[in-house]
Amino acid sequence: MTPRRSALLRGCLASAPFVIVVVPFAVLFGVVATEAGLDLLQVLLFSVSVFAGASQFAALQLMQDQAPVVIILATSLAVNMRMLMYSVAMAPHLGQAPLGTRALMAYFLVDQSFAASQVEFEARPELPLAEKVAFFFGTVIPIAPLWFVSTMVGAMLGQAIPPDYAIDFAVPITFLAITAPMLRSIPHIVAAGVSILVTLLLAGFPYGTGLLVAAVLAMACGAFAEVLLERRRSNGR
């Protein structure tokens with residue numbers, strides 16, 4: 001087996017455990033989208049064009065609330081703002097890839113592909129670019145097809161799933177499993193704490209706009225904490 005194929009296979013194996021939460025998450029979106037009035041084609045186009053579960057749920061909820069388009073777009077952007085941080089973290093490893101490859105990786109950059117890739121790249125920084133690219137795309141193979149298929153399954157099931165099943169447990173579990181191990185520094189913890197606190201305090205804001213405020217404040221507080229730590233390190237030298 002060539003090194004690139006080996007890296008591709010390792011990527012598949014690394015992200016395979018995420019299937020446990022991706023499938024119910026996608027099915028849940030399909031069910032909710034159908035209940036919101038979208039037909040099968042619209043659900044599929046929604047899932048393929050956005051390919052970001054959290055922002056899809058946020059946008060769908062706001063659409064049901066008849067929120068202005070600007071609010072829907074702004075909220076979806078805020079929810080997906082973490083992808084910007086993911087991109088910054090991936091840049092030292094994948095930034096030299098061709099533009100077309102980077103564009104395709106940007107589309108497939110989700111929580112699962114980032115988490116699996118980040119662990120691999122930190123453990124094996126000496127990997128050639130070609131193998132890192134292969135590993136990244138390997139992480140997508142178990143996730144993306146199942147996401148699209150499961151979304152359509154959920155859309156077809158529609159209201160057939162009893163509400164007592166409560167499969168929406170996959171949403172918080174997914175984010176906890178992915179984000180908790182990443183809270184490795186004081187700025188990370190500060191940003192996470194501020195985002196949780198402000199989101200809860202502003203839960204009554206219309207159209208979920210409290211989330212936008214929480215996202216901005218969390219990033220600002222995290223950055224401020226980083227600056228303070230850097231100054232303390234500099235003064236201690």
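Select helix α8, residues 111–123, in this predicted model: at 1.5 Å a residue its 13 residues should span 18 Å, and the C-alpha atoms at its ends are 18 Å apart, so the expected and computed spans agree. Colouring the helix by accessibility shows that α8 is mostly covered, with 10 of its 13 residues buried; among them are Asp111, Phe114, Ala115, Glu120 and Phe121.

Stay on Glu120 and display its side chain together with that of Arg10, since the two meet in a salt bridge of 3.1 Å, N to O. Arg10 belongs to helix α1 (residues 3–15) and Glu120 to helix α8, so the pair ties together parts that are 110 residues apart in sequence. Glu120 has a relative accessibility of 12% and therefore counts as buried, whereas Arg10, with a relative accessible area of 22%, is partly exposed.

Add Arg124 to the selection, whose side chain meets that of Glu120 in a salt bridge of 3.5 Å, N to O; Arg124 is partly exposed, at a relative accessible area of 30%.

A search of the whole structure finds three salt bridges, and for another of them the selection moves to helix α13 (residues 209–236), where Glu230 and Arg233 lie three residues apart, about one turn of the helix. Their closest N and O atoms are 2.7 Å apart, and both residues are partly exposed, Glu230 at 37% relative accessibility and Arg233 with a relative accessible area of 42%. Back at the earlier site, salt bridges that share partners join Arg10, Glu120 and Arg124 into one network.

Next, centre the view on Val43 in helix α3 (residues 40–50), which is buried, with a relative accessible area of 0%. Leaving aside neighbours within four places in sequence, Val43 is in contact with Phe29, Gly30, Ala33, Thr34, Leu38, Thr151 and Ala155. A C-alpha to C-alpha distance drawn from Val43 to Phe148 reads 9.6 Å, although the two are 105 residues apart in sequence.

Finally, select the lining of the second largest pocket, which has a volume of about 250 Å³; the residues to pick are Met83, Ser87, Met90, Ala91, Leu94, Gly95, Arg102, Met105, Ala106, Leu109 and Phe136. The elements giving two or more residues to this lining are α6 (82–94) and α7 (99–108), and α6 gives the most, with five residues. Colouring the lining of this pocket by class shows eight nonpolar, two polar and one charged residues.

Note on methods: Residues numbered from 1 in each chain as written. Predicted model: local features only at pLDDT ≥ 70, side-chain atom pairs only at ≥ 80, totals over all residues. Heavy atoms only, no water. Helix = DSSP H or I, 4+ residues; strand = E, 2+ residues; numbered from the N terminus. Expected span 1.5 Å × (residues − 1). Buried < 20%, exposed > 50% of the residue type's maximum accessible area, 1.4 Å probe, protein only. Contact = heavy atoms within 4.5 Å. 1 Å grid on protein atoms, 1.4 Å probe; cavity = no way out; pocket = protein on both sides within 12 Å on 5 of 7 lines; lining within 4 Å. Points joined across faces, edges and corners; volume = space filled by probe spheres on them. Nonpolar A, V, L, I, M, F, W, Y, C, P; charged D, E, K, R; others polar. Salt bridge = Lys/Arg side-chain N within 4 Å of Asp/Glu carboxyl O.
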